[in-house]
Amino acid sequence: MENTLGLEIIEVVEQAAIASARWMGKGEKNTADQVAVEAMRERMNRIYMRGRIVIGEGERDDAPMLYIGEEVGICSRPDAKNFCNPDELIEIDIAVDPCEGTNLVAYGQPGSMAVLAISEKGGLFAAPDFYMKKLAAPPAAKGKVDINKSATENLKILAECLDRSIEELVVVVMKRERHNDLIKEIREAGARVQLISDGDVGAALSCGFAGTNIHALMGIGAAPEGVISAAAMRALGGHFQGQLIYDPEIVKTGLIGESKEANIERLKSMGINDPDKVYDADELASGETVLFAACGITSGNLMQGVRFFNGGARTQSLVISNQSKTARFVDTIHMFDEPKSLQLH
Ligand SMILES: O=C(COP(=O)(O)O)[C@@H](O)[C@H](O)[C@H](O)[C@H](O)COP(=O)(O)O
Ligand SMILES: [Mn+2]
Ligand SMILES: [Mn+2]
């Protein structure tokens, strides 16, 4: 599954990032998102694969493209037999966020990226469009920190695992009213907090690498992004746990239905009978093969954003595979027409 797909998905995220980056700083988040979706879908549909979107642009936006359940890839087409033998290809599930951090792109802020995760059919948790309480931490703390423990306890464990003091830890938390108590607790425990407005996939991913100066992600973000983060952390060997949040009182945004009871029913109808279950990375991304790819739209901790020059652009991407056990940073020059020069950096 991995061989050529690992290379093709780089181009998928690159094309989405380039399209979105053209709208960087223009204050139009919907356009920045839409062009990324179109570019991602267009490139994805040129891959010889039988893919199905399990996490996509679906529920929140009622999107017409890359919606949950959409079949993608040449070998999913009705006329597939003219191009490939679909029976020889395994079916794969795909989780996408063509523009993760649409606000970041629209306002020219750091940390936005085009991302996707891939596994065999059934290998990615088809998370409902709910919120998710998340805990991400570096590989050294895998299985040691625990989302059921308090932030204070986890910071003590994390400090031990990373052989540093709590004061030397940085925790990323989304700047939301629902996190006021969490932020207070982290600060009182002695750690430092990096508040972000958007983009918790990038924050989770940053925990997987030493040198980012980010040691944990705590708090509540969106569930689909949680699955994508889990896929990356599973492939990297980092820690990730997620727990669905279905009580509108907790998230304080009113975006997940009117009542806790109705949400529990909705989860049941999706086959989720234990709404409080804590999922770890191996459950959210359970497939034998898990591939993750991201391309920076605006610059972040791990990747530079898209840099346009006369006739071309330069991108930086990251592809992680649990099979080849590689985290590959890919630096690409894209030649649109005939550039007068090729930008080296
Ligand atoms: O920032 C985010 C937005 O993603 P996108 O719409 O693709 O640009 C995600 O990283 C977050 O996980 C999440 O969507 C956010 O926390 C939702 O929470 P809220 O803004 O409080 O409704
Ligand atoms: Mn997102
Ligand atoms: Mn998005």
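Q: What makes the link between the side chain of His239 and the backbone nitrogen of Gly143 a polar contact?
A: The His239 side chain reaches that nitrogen at 3.1 Å. A polar contact is a pair of N or O atoms within 3.5 Å; within protein, one must be able to donate a hydrogen and the other to accept it, and residues adjacent in sequence count only if both atoms are side-chain atoms. His239 also makes a polar contact, side chain to side chain, with Gln241 at 2.8 Å.

Q: What kind of model is this, and how is it labelled?
A: It's a predicted model: local features need pLDDT of at least 70, side-chain atom pairs count only at pLDDT 80 or more, and totals for chains, interfaces and linings use all residues. Residues are numbered from 1 along each chain as its sequence is written, chains are lettered from A and ligands numbered from 1 in the order in which they are written, and side-chain values use heavy atoms, with hydrogens and water left out.

Q: Why is His239 called buried?
A: Its relative accessible area is 5%, and buried means under 20% (exposed is over 50%, partly exposed in between; 1.4 Å probe, protein chains only), so the label fits. His239 sits in strand 9, residues 239-245; strands (E, at least two residues) and helices (H or I, at least four) are DSSP runs, numbered from the N terminus.

Q: What makes helix 7 "mostly covered"?
A: Eight of the eight residues in helix 7 (200-207) are buried. Among them are Asp200, Leu205 and Cys207.

Q: How do you know that the length of helix 2 agrees with what it should span?
A: The expected span is 1.5 Å times one less than the number of residues. For the 16 residues of helix 2 (29-44) that gives 22 Å, and the end C-alpha atoms are 22 Å apart, so the two agree.

Q: Which side chains put a polar atom by an oxygen of ligand 1?
A: Asp200 does, at 2.8 Å, and Glu225 does, at 3.2 Å. Ala222 brings a backbone N or O atom to 3.1 Å from a ligand oxygen.

Q: Why is ligand 1 said to lie between domain 1 and domain 2?
A: Both domain 1 (4-121 + 289-335) and domain 2 (131-284) give residues to the shell around ligand 1, so it lies between them. Those domain bounds come from an automatic or database domain assignment.

Q: Which element gives the largest share of that shell around ligand 1?
A: Strand 3 does, with three residues.
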